[in-house]
Amino acid sequence: MNENKMIVDLRSDTVTRPTAGMLEAMYSAKVGDDVFGEDETVNALQDKLSDLFGMEDALFCPSGTMTNQIGIKCFTNPMDEVICDETAHVYRYEGGGIAFNSSASVRLLYGDRGRLNADLIEPHVNPDNVHYPKSTLVVLENTVNRGGGSFYTLDQIEPIYHLCRLKNMSLHLDGARIFNALAETGDDPKEYGRMFDGISVCLSKGLGAPVGSVLLGSKETIYKAKRIRKVFGGGWRQAGFLAAAGIYALDHHINRLKDDHKNAKILADTLQSLPYVKSCMPADTNIVIFELDEKHDPEEFVEKLSHYGIKCNTFGKQMIRFVTHLDINDAMIDYTVQTLKKIH
Ligand SMILES: *Cc1c(COP(=O)(O)O)cnc(C)c1O
């Protein structure tokens with residue numbers, strides 16, 4: 001079935017392996033004890049990203065879940081309420097962390113493929129009344145994972161930013177794939193720095209670093225964040241070896257993200273034409289989410305593709321997700337297209 005033994009891993013953009021150049025950068029990194037603030041490569045990564053987004057300070061952490069959870073804890077007090085979309089990673093995929101780490105409740109909204117707008121949020125901001133939890137934080141995700149990689153433009157975020165200022169709420173961005181959004185919109189990252197109080201950026205998704213995310217914020221926020229990272233067990237030592245991979249990723253892997261988007265579109269175009277596919281979300285960036293018809297069991301479909309060396313995940317009822325990334329090349333896309341056409 002899979003004569004050439006090609007493996008096409010479309011499960012996630014987290015599966016990438018460091019390139020030779022990235023490994024070289026890691027090997028030669030100058031390191032120190034980051035809990036003492038003495039790792040110069042970690043400091044360089046933090047400076048590089050805070051400069052890029054025009055924010056005062058940054059904190060390198062082991063995962064995007066940790067940067068989001070630290071951000072949420074910085075911007076809320078126990079008994080507060082966080083407003084986000086029902087598809088949000090911070091709600092769905094962080095193990096109930098908002099309740100556990102921040103003792104806050106959540107108001108879920110139903111946006112457009114995971115994207116909120118000010119009119120949708122406004123009626124759900126609680127009035128100052130002893131019965132209600134205080135609405136103190138709005139979290140946006142860009143791009144939206146469960147929205148099939150949908151993204152916001154700046155004009156869509158601006159009114160949400162104004163609403164947050166008006167209502168005294170903080171605004172946090174889960175920017176796990178922010179560079180995928182920026183690759184499509186061409187927006188200036190400093191505009192994000194202006195509007196958001198906290199930004200979480202993943203280096204281990206499409207950018208291809210093995211580990212790491214960075215939380216961006218004001219000096220005051222990051223000072224607080226450092227205490228929270230420590231109590232979460234995320235104070236690390238010679239983390240510069242990992243920060244070096246992050247710096248390398250920012251220097252070499254941003255411009256190529258468009259290739260992943262092109263590949264995702266090729267897969268989506270193919271899927272749309274197939275009889276066993278009921279619907280496919282527009283592939284706006286590097287994520288393709290599609291729905292199988294009732295005759296096809298999604299678990300069996302994943303199993304069938306795996307016999308051809310193509311790996312993917314189910315993504316809810318009848319749904320399958322493909323994610324393109326650095327380790328997916330043109331030949332793999334051709335092979336996947338041919339395979340999808342062949343099976344039924
Ligand atoms: C992957 C991801 C994260 C962070 O995940 P980690 O695996 O903890 O690094 C956060 N938000 C979104 C939207 C993601 O896709």
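What follows is a short chat about a predicted model and its strands, sheet and cysteines.

Student: Before we start, what kind of model is this, and how are residues numbered?
Tutor: It is a predicted model: local features need pLDDT of at least 70, side-chain atom pairs count only at pLDDT 80 or more, and totals for chains, interfaces and linings use all residues. Residues are numbered from 1 along each chain as its sequence is written, and side-chain values use heavy atoms, with hydrogens and water left out.

Student: Which residues does the UniProt domain annotation cover?
Tutor: Residues 9-294. The unreviewed UniProt entry labels them "domain: Aromatic amino acid beta-eliminating lyase/threonine aldolase". UniProt positions are in the numbering used here, feature names are shortened, and annotations may be inferred rather than shown by experiment.

Student: How much helix and strand is in there?
Tutor: Over residues 9-294 the chain is 41% helix and 18% strand. The end C-alpha atoms of that stretch are 25 Å apart. Helices (H or I, at least four residues) and strands (E, at least two) are DSSP runs, numbered from the N terminus.

Student: OK, the sheet. What's the strand order?
Tutor: The order is 2-8-7-6-5-3-4, seven strands in an open sheet with mixed pairing. Two strands pair if DSSP finds at least two bridges between them.

Student: Which strands stand at the edges?
Tutor: Strand 2 (57-61) and strand 4 (105-109). Each has a single partner strand, so one side of each is left without a neighbour in the sheet. The twist averages 20° from one strand to the next.

Student: What does helix 2 touch?
Tutor: Helix 2 (residues 40-53) packs on the sheet and touches strand 2, strand 7 (198-202) and strand 8 (213-217). Contact means heavy atoms within 4.5 Å. The helix direction makes about 130° with that of strand 2. Axes are lines fitted to C-alpha atoms, for helices over the stretch in contact, and angles run from 0 to 180 degrees between N-to-C directions.

Student: Now strand 3. Buried or exposed?
Tutor: Strand 3 (residues 80-85) is mostly covered, with six of its six residues buried. Buried means under 20% relative accessible area, exposed over 50%, partly exposed in between (1.4 Å probe, protein chains only).

Student: Which way do its side chains point?
Tutor: Asp-80, Val-82 and Cys-84 point one way from strand 3. Glu-81, Ile-83 and Asp-85 point the other way.

Student: And how many bridges join strand 3 to strand 5?
Tutor: Four, and the two run parallel. Ile-83 has Val-138 of strand 5 as its bridge partner. Strand 3 also runs parallel to strand 4, joined by five bridges. There, Glu-81 partners Ser-105.

Student: You mentioned Cys-84. How many disulfides does a search find?
Tutor: Zero in the whole structure. A disulfide is a pair of cysteine sulfur atoms within 2.5 Å. For Cys-84, the nearest cysteine sulfur is that of Cys-164, 13 Å away. Cys-84 counts as buried at 0% relative accessibility. Cys-164 is buried too, with a relative accessible area of 1%.

Student: Switching to strand 13. Why call it largely enclosed?
Tutor: Because five of the five residues of strand 13 (residues 319-323) are buried.

Student: What are its pairings?
Tutor: Strand 10 (residues 287-292) and strand 13 pair in the antiparallel sense over five bridges. Glu-291 has Met-319 as its bridge partner. Strand 12 (residues 313-314) also runs antiparallel to strand 13, through two bridges. Thr-314 stands opposite Ile-320.

Student: What's in the turn between strands 12 and 13?
Tutor: The two strands form a hairpin with four residues between them. In the turn, Gly-316 has a positive phi of about 100°.
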